[in-house]
Amino acid sequence: MAASSLGQTTEINWDKLDKTKFYVVGAGIFTGVTVALYPMSVIKTRLQVATKDTVEKSASSVIRGILKTDGIPGLYRGFGTVVTGAIPTRIIFLTALETTKAAAFKMVEPFKFSEPSQAALANGIAGMSASLCSQAVFVPIDVISQKLMVQGYSGHEKYNGGLDVARKIIRTDGIRGFYRGFGLSVMTYSPSSAVWWASYGSSQRVIWRLLGQGTDREGAAPSESTIMLVQATGGIIAGATASCITTPLDTIKTRLQVMSLERRSSARQVVKSLIKDDGWTGFYRGLGPRFFSMSAWGTTMILAYEYLKRLCAKDE
């Protein structure tokens with residue numbers, strides 16, 4: 001099977017989808033994925049805001065501490081806020097991703113790059129564009145949820161739910177408080193999204209070639225299980241690559257977003273504090289959970305996403 005026909009077999013274009021079904025079913029599927037993987041975000045966030053005096057400095061100690069004080073519900077602090085904001089954010093992200101990806105493939109096609117390179121460029125452009133479009137909704141949700149995740153931990157303030165966080169942010173900082181760390185969020189999530197989708201798009205093509213599917217020889221179409229295995233492997237590679245590259249910025253952003261008014265610092269001061277306390281390794285606090293979370297999330301999300309596209313494809 002030729003590489004081009006392989007792409008047509010395993011990828012479903014945006015114009016071939018039943019949009020209503022895609023959004024409604026997708027909301028349910030991605031909520032389920034978020035339920036499964038949310039605790040990793042809580043653990044990662046706590047590790048990133050830990051100070052040199054914090055006792056819990058490993059993922060296992062953070063888990064034990066949460067279970068001891070709050071039980072299982074402690075692993076889902078801020079979950080309600082995230083789920084509420086996730087639906088509009090996902091709609092914006094996926095719409096921008098799919099529409100931009102189709103345009104990006106047409107844009108890079110005249111340059112005659114190899115198929116993995118074309119996929120990396122087109123997917124990378126689409127991933128960055130989608131992230132930029134969704135940041136306006138995502139960042140306020142991120143700020144509120146992260147404050148809930150670390151409340152009472154390492155000296156951080158306690159709250160009575162997401163609305164209480166929102167009221168206190170408005171009282172102290174106004175609307176701009178919801179966009180604390182917005183620049184760093186854009187600098188973190190947009191490149192991360194670009195790297196993730198670029199890695200996913202190109203790694204799939206490379207894997208198919210290694211499986212002998214990227215040649216001009218005609219052959220049987222790959223089975224459903226083979227397609228899912230390749231997509232899952234691409235998700236793992238993409239998550240691992242993105243987490244390693246963008247964790248330092250994510251650490252700085254997280255610290256800025258959870259700081260109270262009294263402890264507020266600039267990005268430069270956060271950087272100096274991290275280097276003073278832990279050296280350059282401080283920028284990679286929470287790398288393990290973030291690595292696992294992005295790889296697990298990437299694999300689960302992409303399988304759900306590709307399944308959703310197949311489920312919502314219009315009959316010809």
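This report walks through a predicted model of a single protein chain, from its overall make-up down to a few individual residues.

## Confidence first

Since this is a predicted model, let's start with how far to trust it. The protein chain averages a pLDDT of 83, and 90% of the residues score at least 70. Helix by helix, the low end is α1 (residues 3-10), with a mean pLDDT of 46, while α6 (residues 162-173) has the highest mean at 90. Over residues 1-9 the pLDDT is below 50, although that stretch still has 21 contacts in the model beyond near neighbours in sequence. Where pLDDT is low, the predicted coordinates should not be read in detail.

## The overall build

What is the chain made of, in terms of helices and strands? It has ten helices and zero strands, so reading from the N terminus you just get α ten times over. The chain has 316 residues, and 50% of them count as buried.

Contacts reach well along the sequence, too. Take the contacts between residues at least 6 apart in sequence: 81% of them join residues at least 24 apart.

## Helix α2 and a record entry

UniProt, in an unreviewed entry, lists residues 20-38 as "transmembrane region". In the model, that stretch is 100% helix and 0% strand, with its end C-alpha atoms 26 Å apart.

One residue to look at here is V33, which is found in helix α2. Its relative accessibility is 7%, so V33 counts as buried. Leaving aside neighbours within four places in sequence, V33 is in contact with W297, T300 and A304. V33 and A296 are 263 residues apart in sequence, yet their C-alpha atoms are 9.9 Å apart in space.

## Rings and a charge

The structure holds twelve aromatic pairs. One of them is Y38 with F79: the ring centres are 5.3 Å apart and the planes sit at 80 degrees, so the pair is edge-to-face. Y38 lies in helix α2 (residues 19-49) and F79 in helix α4 (residues 79-108), so this pair ties together parts that are 41 residues apart in sequence. Are these two buried or exposed? Y38 is buried, with a relative accessible area of 3%, and F79 is buried as well, at 18%.

Ring pairs also link W196, W197, Y200 and Y305 into a cluster. Then there's a charge over a ring: R90 lies over the face of F30, at 5.4 Å from the ring centre.

## Helix α7

Helix α7 (residues 182-210) has 29 residues and reaches 41 Å from its first C-alpha to its last. That is close to the 42 Å expected at 1.5 Å a residue. The helix is mostly covered, with 21 of its 29 residues buried.

S203 is a residue of α7. With a relative accessible area of 8%, S203 is buried. Beyond its neighbours within four places in sequence, S203 is in contact with G234 and I237. Just after α7, G212 takes a positive phi of about 80 degrees.

## A buried lysine

Where does K253 sit? Its place is in helix α8 (residues 224-258). K253 counts as buried because its relative accessibility is 0%, and the cut-off for buried is under 20%.

Which residues does K253 touch, not counting those up to four places away in sequence? They are D142, Q146, G181, L184, S185, T188 and Y189.

## An exposed lysine in a loop

K112 is found in the loop between α4 and α5 (115-150). K112 is exposed, with a relative accessible area of 70%. Its backbone deserves a look as well: phi of K112 is near 60 degrees, a positive value in a residue other than glycine. Most residues other than glycine have a negative phi.

Methods
Residues are numbered from 1 along each chain as its sequence is written. This is a predicted model: local features need pLDDT of at least 70, side-chain atom pairs count only at pLDDT 80 or more; totals for chains, interfaces and linings use all residues. Side-chain values use heavy atoms; hydrogens and water are left out. pLDDT is the predictor's confidence in each residue, from 0 to 100. Helices (H or I, at least four residues) and strands (E, at least two) are DSSP runs, numbered from the N terminus. Contact means heavy atoms within 4.5 Å. Buried means under 20% relative accessible area, exposed over 50%, partly exposed in between (1.4 Å probe, protein chains only). Rings of Phe, Tyr and Trp (its six-membered ring) pair if their centres lie within 6.5 Å; planes under 30 degrees apart count as stacked, over 60 as edge-to-face and the rest as tilted. A charge sits over a ring if NZ of Lys or CZ of Arg is within 6 Å of the ring centre and within 35 degrees of the ring normal. The expected span of a helix is 1.5 Å times one less than its number of residues. UniProt positions are given in the numbering used here, feature names are shortened, and annotations may be inferred rather than shown by experiment.
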